[in-house]
Amino acid sequence: MQFTNLLRSEIKETINKESLDLLVIGGGITSAGIALDAITRGLKVAVVEMQDFAAGTSSRSTKLVHGGLRYLKQFEIGVVAEVGKERAIVYENGPHVTTPEWMMLPFYKGGTFGPFTTNIGLRVYDLLAGVKKSERRKMFKPEVALGREPLLKQEGIKGAGYYVEYKTDDARLTLEVMKKAVEEGAYALNYMKVSDLVYENSKVVGVKAEDLVDGSVQEIRAKKIVNAAGPWVDTLREIDKSKKGKTLKLTKGIHLVFDGKRFPLKQAIYFDTPDRRMVFAIPREGKTYVGTTDTVYKGDIAHPKMTVQDRDYVLNAIDFIFPKVKITAEDVESSWAGLRPLIHEDGKSPSEISRKDEIFVSNSGLISIAGGKLTGYRKMAESIVDLVTKQLHEEDGNSFPKKQTKNLPISGGDVGGSEGFKTFLINKMNTGKKIGLSEEEAKKLIYRYGSNVDIVFNTYRDDKVKAKEEKLDPVVYASLRYAIDHELAYKPVDFFIRRTGAIFFDIDWVREHKDSVTQFMKKEFNWTDEQEEDYKQELEQLIYEATHPVEKEEF
Ligand SMILES: Cc1cc2nc3c(=O)[nH]c(=O)nc-3n(C[C@H](O)[C@H](O)[C@H](O)COP(=O)(O)OP(=O)(O)OC[C@H]3O[C@@H](n4cnc5c(N)ncnc54)[C@H](O)[C@@H]3O)c2cc1C
């Protein structure tokens, strides 16, 4: 079924009629992975998300597919080995949305890492993660490190380690996995909130789902219900009366974005803060972003905000390692804040808590999954679907094949892996230029849409007049049309945050196009004036929050 809210009623009706094997609550990377794994093994699966896909933690991360080098410090060998290996798989299955990024880890006199520990650490990392030869670590003398990144503090530098991580767009990765699941036959709908669970003989057999667009409520039944609600996992466990034993601890992390002209970082850097935490500074699309913080959070889960203290912590960290930049609060162009759904461990500080995922099965049969990382989504999905298929086999005798996703390109990833992507990029750049796109525009679209880019290119080529009539720039029109027709976008925030990432990395573009995009979406979806006003306000509020910290945490 086409993945568009223009067919919202039909999708709802189909989910209602289907006799589902599995219903997944939540539309972040964990749910997307579970839906894809389940559908490829032949299960009938549906996903319901109360906000937009990836609107929870999965659009608010550091946007790295990484093994978690810092976990070596805590001897989390298992986590590093597993997610380290996953990096290459995530990359190969969607090289348009995930790209290798050489990371430099400078070490200073008196810092956490020295030449010896960095060398050993990176070597162990290479081994554990099975890193290919061309991407294995290198060690730099101070002058080489400073040559690669002249903005680095010179005083006390003793050298640097150099190793590969992978940069991604977390929200688009989530969408591409979800789209692939839908292409394979899964059903997924945003703005559907699970407000209650339905039981028979004390066993969970379904959910009450409230459509947050029209206010209607429907019951959705399935043989198995998985709670993959990220930071809300315990909220659903409370409804299930099974929130006991281990519980979630939420910690907040923020990132700041600067214009590349003001903070012209050439090289991604992973560095020590004055309080000996590790923070990333990463160049991206003409901007530089830096983060993250890690503080206990008890406020509104749907709206974590950057505080003045968070902002100043990151600014101080930048000043500590890049003193020449003389960064100030006025230089912050955008930001975001996210919540880590971690599993509580007594006596540990936020940064010390393990990032391992865990599965809880309640007496009612509700299966909850929490913790973990974006990077390990495929493995988390595998363990959930292994459990679900085992239970279905025991209960009904049904058999399902083993996992199928290791070599399965995600949506947009049909480009012949990382090697094939190089040729794909050259060919599509030529096509883009032929139809009148600038080199920069074509490249952006190819990286954003991968093998689906032809649909966007064709709209751009064929619908220039239509775009003009709608007072939309033709590139914006082509991307918006795709987001509406193929990616279930419904509100302006869906387009400007999760479909394009523009609120973070191109906020002026959002300001420039927000009115024409909102007008067009109103017409497409037949919104009432009240809806239009609400959605406009929502976008304005999020633009404001991205650029203005709150004085203090609102508990
Ligand atoms: C600051 C920060 C930096 C990070 N950096 C990285 C990184 O660089 N690399 C990495 O691998 N990992 C990173 N992580 C971790 C990673 O982002 C998370 O592990 C991952 O995104 C969690 O995904 P999820 O699907 O479990 O949760 P979410 O993305 O939060 O998805 C859960 C969804 O469930 C929905 N939901 C909740 N309740 C209901 C309900 N009742 N009905 C319907 N839907 C509901 C929510 O709206 C939400 O969208 C980072 C996390 C943070 C906070």
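Start with the ligand: 37 residues surround it, and Thr-30, Glu-49, Ser-58, Leu-64 and Thr-375 come nearest. A residue counts as near a molecule or strand here if one of its heavy atoms lies within 4 Å of it. This is a predicted model, in which local features need pLDDT of at least 70 and side-chain atom pairs count only at pLDDT 80 or more, while totals for chains, interfaces and linings use all residues. Residues are numbered from 1 along each chain as its sequence is written, and side-chain values use heavy atoms, with hydrogens and water left out.

Now look at the polar contacts (pairs of N or O atoms within 3.5 Å; within protein, one must be able to donate a hydrogen and the other to accept it, and residues adjacent in sequence count only if both atoms are side-chain atoms). Thr-30 puts a polar side-chain atom 2.6 Å from an oxygen atom of the ligand. Leu-64 takes part through its backbone, with a polar atom there sitting 2.6 Å from a ligand nitrogen. His-66 joins in with a polar side-chain atom 3.5 Å from a nitrogen atom of the ligand. On its own the ligand has 1,000 Å² of accessible area, and the protein covers 97% of that; such areas come from the Shrake-Rupley method with a 1.4 Å probe, and for residues only the protein chains shown count as cover.

Which elements give two or more residues to the shell around the ligand? They are α2 (29-40), β8 (192-200), β11 (248-259) and β16 (332-343). Helices (H or I, at least four residues) and strands (E, at least two) are DSSP runs, numbered from the N terminus. By residue type, the shell divides into 13 nonpolar, 18 polar and 6 charged. For that split, Ala, Val, Leu, Ile, Met, Phe, Trp, Tyr, Cys and Pro count as nonpolar, Asp, Glu, Lys and Arg as charged, and the others, Gly among them, as polar.

On to charge pairs. Side chains of opposite charge can pair when their charged atoms come close. Taking a salt bridge as a side-chain nitrogen of Lys or Arg within 4 Å of a carboxyl oxygen of Asp or Glu, the count comes to 53. One of them joins Lys-246 and Glu-358, at 2.8 Å from N to O. Lys-246 sits in the loop between α7 (233-239) and β11, and Glu-358 in strand β17 (residues 357-361), so this pair ties together parts that are 112 residues apart in sequence. Lys-246 is partly exposed at 42% relative accessible area, and Glu-358 is partly exposed at 26%; buried means under 20%, exposed over 50%, and partly exposed in between (1.4 Å probe, protein chains only).

Arg-378 pairs with Glu-382, their closest N and O atoms being 3.9 Å apart. Both lie in helix α9 (residues 377-396), 4 residues apart, or about one turn of the helix. Arg-378 is buried at 5% relative accessibility, and Glu-382 is buried at 10%. Lys-466 and Glu-470 make another salt bridge, at 3.3 Å. Here Lys-466 is partly exposed at 35%, whereas Glu-470 is buried at 13%. Elsewhere, salt bridges with shared partners link Arg-8, Lys-12, Asp-211 and Asp-214 into one network.

Finally, helix α6. Of its 14 residues, 13 are buried. At its start, a side-chain oxygen of Asp-169 reaches to within 3.2 Å of the backbone nitrogen of Ala-171. Just after α6, Gly-185 takes a positive phi of about 120°.
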